[in-house]
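User: I would like to go through this structure with you, one topic at a time. Please keep the answers plain.

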Number of protein chains: 2
Amino acid sequence: MTDNRKITSSSPQRVRLDVNHMMTDTMGMRYGIAPEQVEDYAKAAAAAHAAVQAARGTGWLGWTELPYNQKKIVEKVKKVAGHVREHFDTFVVLGIGGSALGPIAVQWALNHPYYNQLPKAKRGGPRLYVEDNIDPERMGALLDVIEVQSTCFCVVTKSGNTAETMSQYLIISDLLKQAVGQGWQRHVIAITDAERGNLAPLAKAEGFEAFVIPDGVGGRFSELCPVGLLPAAVCGIDIDGLLAGAAFMDAACKTDRVWENPALLMATLQYIAMEDMGFNVHVLLPYADRLRFMADWVCQLWAESLGKNVTRRGMAINVGQTPAKALGVTDQHSQLQLYTEGPYDKVVTFFKVEKFQAEQPIPNGCKAYPDVAFLGGKSHNALIEAERKGTEYALYRAGRLSQTIVLPEVNAHTIGQLIFLWEMCTAYTGELLDIDAFNQPGVEESKAAAYAVLGHPGEKYAAKRAEMKKAPAGSGKYVV
Amino acid sequence: MTDNRKITSSSPQRVRLDVNHMMTDTMGMRYGIAPEQVEDYAKAAAAAHAAVQAARGTGWLGWTELPYNQKKIVEKVKKVAGHVREHFDTFVVLGIGGSALGPIAVQWALNHPYYNQLPKAKRGGPRLYVEDNIDPERMGALLDVIEVQSTCFCVVTKSGNTAETMSQYLIISDLLKQAVGQGWQRHVIAITDAERGNLAPLAKAEGFEAFVIPDGVGGRFSELCPVGLLPAAVCGIDIDGLLAGAAFMDAACKTDRVWENPALLMATLQYIAMEDMGFNVHVLLPYADRLRFMADWVCQLWAESLGKNVTRRGMAINVGQTPAKALGVTDQHSQLQLYTEGPYDKVVTFFKVEKFQAEQPIPNGCKAYPDVAFLGGKSHNALIEAERKGTEYALYRAGRLSQTIVLPEVNAHTIGQLIFLWEMCTAYTGELLDIDAFNQPGVEESKAAAYAVLGHPGEKYAAKRAEMKKAPAGSGKYVV
């Protein structure tokens, strides 16, 4: 299998957006979006573009500058990653949300599907575990397969207030003190705010190696800062390629012309689908195992940015599109029935890979069974694309809209492009919807209620407990 | 970690359904479902129950009898599984859709989270790989971590016409002939129709060990037949427990009283949510890593059964609910913002585990940081349930409906109960919607188009090619 981490191209190939199956030209008047509808929004799209451009690098748009302002940081990331690669056989990320989804997505995209199961020589880096849940059995299960003494733990939380991650920190720091004793701090790296919160001072006090999550970079936009760069570099991924890809896509988004800026076109069409056509579901359907968790990463970006209940002018709304993660061809056998014959409520985004890292021929055989023998002499490469085309055609016949993001191949550069495409698209869509795409106030209630249940002594939580006591208790008659 | 596969209980505990957060008693008139609304449907629910009862074991409801009519089959499964466990170190399932999702779900529920990475002695069975996609890199990647000579391949397709699975068969049979030579057939088990299709005669001709997918058991309902039983038994799972659990839940579904039959109550409430309230999204939110892929399994069952475009009376409709798979607590950090502040278009189903297989204490520490120190002395067990309650409360405060399926613990018996609960619920919901819940005509178009693209010489596909040529070609102006 070609080692795609080493692929460098002197003429990088652009990730392309194909929206033919969104448009009336292909889908027909009854089902599609007319180019005139897009033209109606061209000025609004240009305004959205201008607003994002004007806000670049400020407020919560610090992430736009990550492809350009991290030269020294990248050097430090590589240095620390090199040290980890040399001294540890396992790298465990303790993080959740963007701190986990980005690293997982990039690892799946760019490393071997069974990376952790490969022998060390073939693997090309320490094993990677991303611990993004606090299931009570999980830590024990991890300890069944790792040796703490040869493990480096990377604690990722901007505020140092993420209960899950800090509870994991308490557990592993205790284990390290017991297993390693003096010098246990060498097994911990912190990725957090420069100064604020709990983890920054803690890291300083303990002398942990630390990286900064820059201002203006929220969790779901953090993959191109050390949150993503460090785990990737530890696992041998070309982080320069990731950032170069992001910059490359950024250049493609310089224009405010809706038909020429892929992120802006995608945003405008999704706005029309959401707001004018009522399509409240967005299926992410990569036709490549490597892109399976890019779908999960997009799901957080899309759901958490656009699922809002107030506009910036203070108007009460309930906007957003539920992302549904899926995988081709697998989910043809699970979801396609619903997609083609269920409600008219969804848009499908295919991710197509033009050139895979391997050719998988299908040998001849089963001559007595023509429908099986037919497959002989073909390849999985041809089969997966034929099935993708078949699914696209089935959606077309059923009047269901789809668009396709085309990756020439999966490498660090194209993944960087993909990340930036979606981040920009999200920013533009937020502008069009006139919402704050960068906050997430809706998650506070759950946190406060959880801490109240746990008995946190703070005033805020005492008040929450009192409030929760007043809520209806529920009745045994509704339990079967 | 307690070996939950060995858990047998003389007094099995029932998986319960708690629908308090669906009802106006808790949610208020503005948001909830009134018990009177359920009463309005009580007769229809009883009729749905009667229809399913009358159809048991017939047509495509053969799956209802699987807990009762497989005594000999179970003996054979155990015998063959024992042979596999003794003679092979790896078991590879070649299957897709229900043939894959069921085995994956049960393996994740009942075996170690890092099963394949455990040393043999700790693992308690051969490694398991479920190859449910035809990504061109996937087979090569698998071959990087398995030895064909010590691998048993299980080919699962009722018709023997599943292109993905049969293409994989062509590949591995060729590899086995080369690597093993004479006697290679001992490395292959077929699970297929008794007589019809390609794989049944092929298995007979080659002398493969074979199991039958019984009549009346469709892919998404097949987990309790050899499709699921064999991989489970190979990996040391208590298949008698699975079947006993299914029977136990079946007994709870004997009554036609909507308030007393958990599957019927769930079906009726989902019907109201779908048809009366317009909730077209159904979030599956297990708060346990073990149940992560049960969510995927439910997604196929729910989407493929209920996503239909015609009633049984021939009325054109587009009905169905898009299932959105998620995981707690992880997706609080990804999707909860959308759930609480986005559109009012979804129902959330929590899966709660009362007793996990381990206690994970959180040690004391970080005294200088009160919000972190607060977690010390608690446990992940308390934290995960506090967060689940917190999320439930946040949804309640936001007027969003949820229900909770409560598992006393995760073991073969409760998983069997869970499987049967959802299968019965799906059957009842199909009755209420007056659709055929057991077919999937919508997937045929995609198959036919894929074969046409691949150049299949058959008449049907030549016609499809001609038809596809007439479709709009798409325009370069819509590619950015």
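**Cysteines, salt bridges and symmetry**

Analyst: This is a predicted model. The sulfur of Cys235(B) lies 11 Å from the closest cysteine sulfur, that of Cys154(B), which is too far for a bond. At 0% relative accessibility, Cys235(B) is buried.

User: What about Cys152(A), which cysteine sulfur is closest to it?

Analyst: The closest is the sulfur of Cys154(A), at 6.8 Å, and this is too far for a bond. Cys152(A) is buried as well, with a relative accessible area of 1%.

User: How many disulfides are there over all chains?

Analyst: The search of the whole structure gives 0 disulfides.

User: Then salt bridges. How many over all chains?

Analyst: The whole structure contains 60 salt bridges over all chains.

User: Which residue does Lys158(B) pair with?

Analyst: Lys158(B) forms a salt bridge with Asp193(B), and their closest N and O atoms are 3.3 Å apart. Lys158(B) sits in the loop between strand 4 (151-156) and helix 8 (163-179) of chain B, while Asp193(B) sits in the loop between strand 5 (188-192) and helix 9 (199-206) of chain B, so the pair ties together parts that are 35 residues apart in sequence.

User: Is Asp193(B) buried or exposed?

Analyst: Asp193(B) is buried, with a relative accessible area of 6%. Its partner Lys158(B) is partly exposed, at 21%.

User: And Glu304(B), what does its side chain meet in a salt bridge?

Analyst: The partner is Arg220(B), with an N to O distance of 3.1 Å. This pair links distant parts of the chain, 84 residues apart: Glu304(B) belongs to helix 13 (residues 292-306) of chain B, and Arg220(B) to the loop between strand 6 (209-212) and helix 10 (226-234) of chain B. Glu304(B) is buried at 5% relative accessibility, and Arg220(B) is buried at 5%.

User: Which residues are joined into one network by salt bridges that share partners?

Analyst: In chain A, Lys352(A), Glu385(A), Arg388(A), Lys389(A) and Glu392(A) are joined in this way.

User: One more pair: how do the side chains of Asp132(B) and Arg138(B) meet?

Analyst: They form a salt bridge, at 3.3 Å from N to O. Asp132(B) is buried at 8% relative accessibility, and Arg138(B) is buried at 10%.

User: Changing topic to helix 9 of chain A. Which of its residues are buried?

Analyst: Leu199(A), Ala200(A), Leu202(A) and Ala203(A) are buried in helix 9 (residues 199-206) of chain A. They cover an arc of only 165° around the axis, which puts them on the same side of the helix. On the other side, Lys204(A) and Ala205(A) are exposed.

User: What covers the buried residues of that helix?

Analyst: The cover includes strand 4 (151-156), helix 8 (163-179), strand 5 (188-192) and strand 6 (209-212) of chain A.

User: And what follows helix 9 of chain A?

Analyst: Gly207(A) follows, and its phi is positive, near 80°.

User: Now strands 8 and 9 of chain A. How do they run?

Analyst: Strand 8 (residues 308-310) and strand 9 of chain A run antiparallel and are joined by 2 bridges. Val310(A) has Ala316(A) in strand 9 as its bridge partner. The two strands form a hairpin with 5 residues between them, and Gly314(A) in the turn has a positive phi of about 90°.

User: Which side chains of strand 9 are buried?

Analyst: The side chains alternate along strand 9 (residues 316-319) of chain A. Ile317(A) and Val319(A) point to one face and are buried, whereas Ala316(A) and Asn318(A) point to the other and are not.

User: In chain B, where does Thr311(B) lie?

Analyst: Thr311(B) is in the loop between strand 8 (308-310) and strand 9 (316-319) of chain B. It is buried, at 10% relative accessibility. Leaving aside neighbours within four places in sequence, Thr311(B) contacts Ile317(B), Leu433(B), Asp434(B) and Ile435(B).

User: Last topic: how can chain B be laid on chain A?

Analyst: A turn of 180° and a shift of 0.0 Å along the axis lay chain B on chain A with an RMSD of 0.0 Å. The two copies are thus related as by a two-fold rotation axis.

User: Which residue of chain B comes closest to the rotation axis?

Analyst: Ala324(B) does, with its C-alpha at 2.8 Å.

User: And why do the copies meet through the same surface?

Analyst: Because 100% of the interface residues of chain B are also interface residues in chain A.

Terms used: Residues numbered from 1 in each chain as written. Chains lettered and ligands numbered in written order. Predicted model: local features only at pLDDT ≥ 70, side-chain atom pairs only at ≥ 80, totals over all residues. Heavy atoms only, no water. Buried < 20%, exposed > 50% of the residue type's maximum accessible area, 1.4 Å probe, protein only. Helix = DSSP H or I, 4+ residues; strand = E, 2+ residues; numbered from the N terminus. Arc of directions from axis to C-beta. Contact = heavy atoms within 4.5 Å. Least-squares fit on C-alpha atoms with pLDDT ≥ 70 in both. Salt bridge = Lys/Arg side-chain N within 4 Å of Asp/Glu carboxyl O. Disulfide = S-S within 2.5 Å. Pairing = 2+ DSSP bridges.
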